[in-house]
Amino acid sequence: MGSEVSSGCLHVSARPEAVSAYGRLMSLVTGYEDVQAVLADGRYAVPAPPPPGPVGSVSWLRASVCRFANGELHDVRLSAVLEQLAGLSPAALRSDARDRGAALLSEGRFRGGASEAHEVLSRPVPMETLAAAMGFPDPRGTATHVIALAGGYFPGSSPEAESRADAGLAALLAMIGSEDSAVPPLTIMVQACEATAALISRSLASLEAAGDAAGTWSSEALLAEVVRHWPPAPVCRRQAKEDITERGVTRGDEVLCDIESANHDPAVFASPELFDPHREQPPNLTFGSGIRPCPARPEALALASGVIDAWRECYGPSGQAPRPATNRAGRRPRPTP
Ligand code: HEM
């Protein structure tokens with residue numbers, strides 16, 4: 001880490017610390033108040049994604065969603081997303097994610113501990129649940145394609161991940177029919193996918209690591225502390241639209257807001273490195289802050305809670321899945337696909 005210097009009220013690192021998805025160097029912002037200040041400052045925008053390829057490609061989707069747009073275009077696109085989100089009930093999402101998770105755990109499609117759950121449970125169950133709630137006819141197939149899409153959605157993805165994402169998107173567009181009406185529902189699904197899966201897997205791993213003590217944690221408290229401690233979206237990128245002289249920032253400079261560091265700021269969180277679901281905590285910054293926070297915090301927590309409900313119903317309140325037997329070579333049997 002470079003040494004930290006105070007530049008106005010914002011602490012930015014003395015030298016650029018991080019390399020952006022496009023290979024540019026960026027300044028890191030790490031303090032809680034400083035991250036809040038950048039995310040609330042209209043002089044910063046979300047960096048534009050690289051120029052789009054053909055209609056129907058993942059690069060076209062990036063250029064079509066609210067997530068990478070700014071100003072009025074962002075607001076118009078976001079309002080279409082909010083309209084669709086308004087049709088989703090967090091309580092119904094939780095209950096359906098619980099039912100789907102319970103079915104999967106009881107059907108024998110999953111054997112193993114928390115570390116095996118990511119691919120089999122944490123990724124597909126929330127996506128199947130969202131797909132069903134949004135009226136997709138084949139929730140399981142939809143989830144598979146969304147997972148492929150999500151793997152190459154963010155700028156900086158590898159060419160291989162982008163080509164799997166292109167294939168997933170092509171299958172989804174064939175299901176939906178029209179490219180334009182596809183953008184809001186696909187924005188929701190693709191934004192939800194990796195972050196929600198990471199939240200669930202981290203929560204299951206925390207239960208497993210804590211052993212019997214985890215039995216005293218409510219699922220709400222567990223999720224709140226996992227969200228703070230291991231933010232599934234650990235950074236937010238911004239680019240200065242103009243010179244921000246009092247902060248030593250020049251137009252075009254990129255700034256990386258380090259949410260994980262902000263959530264461990266000792267000025268705000270007591271004993272920040274301690275994982276403690278019983279802690280009283282001020283709001284953390286995991287779902288963003290300021291001008292354009294995540295619009296789906298309740299839905300994300302509902303989906304994750306539903307899967308954790310199923311896990312705890314299956315393995316008890318402390319969520320200790322039995323370790324699968326190993327064969328003579330010391331390998332675990334592969335989970336049934
Ligand atoms: C643990 C799960 C999640 C986390 C941590 C998370 C976090 C975030 C963050 C930090 C942003 C803003 C990024 C920025 O300002 O640069 C964002 C945007 C967004 N998220 Fe989430 N998210 C999660 C789950 C979801 C879910 C489940 C949905 C949909 C059901 C969703 C939909 C969106 C959308 C549509 C945006 C773009 C908003 C805009 O362009 O203004 N997210 N999310």
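Two strands are said to pair if DSSP finds at least two bridges between them. In the predicted model described here, this criterion applies to strand E6, in which Cys236 stands opposite Cys257 of strand E7. E6 comprises residues 235-240 and E7 comprises residues 254-258; the two strands run antiparallel and are joined by five bridges. A further position of this pairing is occupied by Gln239, which stands opposite Glu254 in E7.

E6 is also joined to strand E5, residues 44-45, by two bridges, and these two strands likewise run antiparallel. Here the bridge partner of Ala45 is Gln239 of E6. Gln239 therefore faces Ala45 on the side of E5 and Glu254 on the side of E7 under the bridge criterion. The two faces of E6 are unlike in their surroundings: Cys236, Arg238 and Ala240 form a covered face, whereas Val235, Arg237 and Gln239 form an uncovered one.

In E7, five of the five residues are buried, so the strand is largely enclosed by the rest of the structure. Glu254, Leu256 and Asp258 point one way from E7, while Val255 and Cys257 point the other way, and all are buried.

Ala45 itself lies in strand E5. This residue has 18 other C-beta atoms within 10 Å and is therefore partly exposed, since the buried class begins at 20. Apart from residues up to four places away in sequence, Ala45 touches Asn70, Arg238, Gln239 and Lys241. The C-alpha atoms of Ala45 and Gly71 are separated by 8.4 Å, although the two residues are 26 positions apart along the chain.

The chain as a whole contains twelve helices and seven strands. Of its 337 residues, 42% count as buried. Among contacts with a separation of 6 or more, 67% are made by residues 24 or more positions apart.

Attention now turns to the helices. Two packed helices are described by the angle between their axes and the distance between the axes. For H3 and H9, the angle is about 70° and the axes are 9 Å apart. The two helices are therefore roughly perpendicular to each other, as angles of 65 to 115 degrees are placed in that class. Ala80, Val81, Gln84 and Leu85 are the residues of H3 that meet Pro184, Pro185, Thr187 and Ile188 of H9. By class, this contact has six nonpolar and two polar residues, with no charged residue.

Cys66 is located in the loop between helix H2, residues 58-62, and H3. With 23 other C-beta atoms within 10 Å, Cys66 is buried. When neighbours within four places in sequence are left aside, Cys66 is in contact with His74, Arg77, Leu78, Val81 and Thr187. Two of these contacts, Val81 and Thr187, are also found among the residues through which H3 and H9 meet. The C-alpha atoms of Cys66 and Leu78 are 5.4 Å apart in space, while the residues are twelve positions apart in sequence.

The ligand is surrounded by 26 residues, and the closest are Ala192, Ala195, Gly288, Cys294 and Ala296. Helix H3 (71-86), helix H9 (179-210) and helix H12 (297-315) each supply at least two residues of this shell. The largest share, seven residues, comes from H9. In composition, the shell divides into 17 nonpolar, six polar and three charged residues.

Two further loop positions differ in their burial. Gly151 lies in the loop between helix H7 (139-150) and helix H8 (159-176). This glycine is buried, with 21 other C-beta atoms within 10 Å. Not counting residues up to four places away in sequence, Gly151 touches Ala161, Arg164 and Ala165. From C-alpha to C-alpha, Gly151 and Arg164 are 7.8 Å apart in space, with their positions 13 residues apart in sequence numbering. Ser271, by contrast, is found in the loop between helix H11 (259-262) and H12. With 10 C-beta neighbours inside 10 Å, Ser271 counts as exposed. Ser271 also has a positive phi of about 40°, although it is not a glycine.

Key
Residues are numbered from 1 along each chain as its sequence is written. This is a predicted model: local features need pLDDT of at least 70, side-chain atom pairs count only at pLDDT 80 or more; totals for chains, interfaces and linings use all residues. A residue is near a molecule or strand if its C-beta atom, placed from the backbone, lies within 6 Å of it. Helices (H or I, at least four residues) and strands (E, at least two) are DSSP runs, numbered from the N terminus. Ala, Val, Leu, Ile, Met, Phe, Trp, Tyr, Cys and Pro count as nonpolar, Asp, Glu, Lys and Arg as charged, and the others, Gly among them, as polar. A residue is buried if 20 or more other C-beta atoms lie within 10 Å of its own, exposed if 12 or fewer, and partly exposed in between; C-beta atoms are placed from the backbone. Two residues are in contact if their C-beta atoms, placed from the backbone, lie within 7 Å. Axes are lines fitted to C-alpha atoms, for helices over the stretch in contact, and angles run from 0 to 180 degrees between N-to-C directions. Angles under 35 degrees count as roughly parallel, over 145 as roughly antiparallel, 65 to 115 as roughly perpendicular and the rest as oblique.
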